[in-house]
Amino acid sequence: MFTAYVRKPGPNFSQALSEHPGKNDIDLAVAMHQHLHYVEALKEVGGKVEYLPPQDPLPDATFVEDTAVILEDKILLCPMKETSRQEEVQSVATVLKKHNNCVTLESPATLDGGDVMNTPDTIFVGLSKRSNLSAVEALSTLTSKNVVPVTVSKGLHLKSATTFLGNNLLIIDPSRIDSSILKHFDWIEVTENESYVANCLALGDVVLMPAGFPRVSEKIRAYGMKIIELEMSEFEKADGGVTCLSLILLDKSDKAP
Ligand code: CIR
């Protein structure tokens with residue numbers, strides 16, 4: 001069905017880039033435990049899980065989603081803006097290039113995978129602290145889908161504020177982005193104080209979501225989807241969500257979103 005590439009949090013994980021108020025209280029042992037549960041959930045949904053080699057000096061290397069974007073017929077290696085994260089890309093490339101052609105973007109493009117929301121016809125790209133219009137323009141030459149920028153006014157990435165659950169459905173905190181371009185989707189709308197749950201990972205009809213949002217999980221279930229709730233506290237303190245922890249490669253027989 002799919003292969004999920006993940007990387008365990010490394011020994012320097014507590015130094016991860018973060019603007020979260022709890023960033024100084026990151027507990028590595030708890031993070032390791034939570035990561036293990038994340039991996040178990042991916043397997044429960046039928047995924048094959050591959051561990052990427054450790055990158056111990058790099059604090060943010062567990063957030064593998066940001067390093068690459070899986071396109072229809074190629075893999076885009078992200079030109080990451082944060083210097084401390086740029087080294088993560090090469091190690092991921094070494095593994096991913098076995099699957100498909102890898103390409104990258106020329107400067108001044110900067111892009112994090114967390115800003116790329118792939119839907120059946122359109123790839124939405126956050127204009128954020130990390131990703132810029134040059135990246136949007138360059139990405140549009142690499143795919144047959146429409147590539148549409150979305151301004152991110154609060155938070156780290158586009159997918160910190162909205163994720164695509166399939167079947168024309170988004171989970172979204174509209175207070176953090178210019179959501180006008182997303183009106184044609186159905187919305188599960190979350191409030192500003194629930195915004196952490198706007199980042200969920202839909203795998204078929206199962207949604208991996210952070211624990212502790214009963215109102216939202218009820219709404220997702222009402223759309224006929226199943227839920228796996230995950231404790232994510234240590235990743236949240238490092239400004240990361242559920243999608244950030246994996247790169248999902250669908251089997252060739254499965255259709256991309
Ligand atoms: C960073 O600031 O780059 C990391 N601490 C968090 C990255 C989270 N990634 C994601 O949302 N895709």
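These questions and answers cover the ligand site, its pocket and two backbone features of a predicted model.

Residues are numbered from 1 along each chain as its sequence is written, and side-chain values use heavy atoms, without hydrogens or water. Local features need pLDDT of at least 70 and side-chain atom pairs pLDDT 80 or more, while totals for chains, interfaces and linings use all residues.

Colleague: How many residues surround the ligand?
Modeller: A residue counts if one of its heavy atoms lies within 4 Å of the ligand. The closest include Asp60, Asp66 and Arg85. By class, the shell has five nonpolar, three polar and six charged residues. Here Asp, Glu, Lys and Arg are charged; Ala, Val, Leu, Ile, Met, Phe, Trp, Tyr, Cys and Pro are nonpolar; the others, Gly among them, are polar. The number of surrounding residues is 14.

Colleague: Which residue has a polar side-chain atom 2.9 Å from an oxygen atom of the ligand?
Modeller: Take polar contacts as pairs of N or O atoms within 3.5 Å. Leu17 places a backbone N or O atom 2.6 Å from a ligand nitrogen. Ala238 does so with a backbone N or O atom at 2.8 Å. The side-chain contact to oxygen belongs to Arg130.

Colleague: What is the volume of the second largest pocket?
Modeller: The ligand takes up this space: more than half of its atoms lie within 2 Å of the grid points. A pocket is an open set of points on a 1 Å grid over the protein atoms alone, where a 1.4 Å probe fits, with protein on both sides within 12 Å along at least five of seven lines. Probe spheres set on the points, joined across faces, edges and corners, fill the volume. That volume is about 660 Å³.

Colleague: Which residue is joined to Ser107 by a cis peptide bond?
Modeller: Most peptide bonds are trans. Here omega is about 15°. The partner lies in the loop between β5 (102-103) and β6 (116-118), strands being DSSP E runs of at least two residues, numbered from the N terminus. It is Pro108.

Colleague: Which residue other than glycine has a phi near 50°?
Modeller: Most residues other than glycine have a negative phi. This one is positive. The residue sits in the loop between β9 (162-166) and β10 (169-172). It is Asn167.

Definitions and conventions: Polar contact = N/O pair within 3.5 Å; in protein donor to acceptor, adjacent residues only side chain to side chain. 1 Å grid on protein atoms, 1.4 Å probe; cavity = no way out; pocket = protein on both sides within 12 Å on 5 of 7 lines; lining within 4 Å. Helix = DSSP H or I, 4+ residues; strand = E, 2+ residues; numbered from the N terminus.
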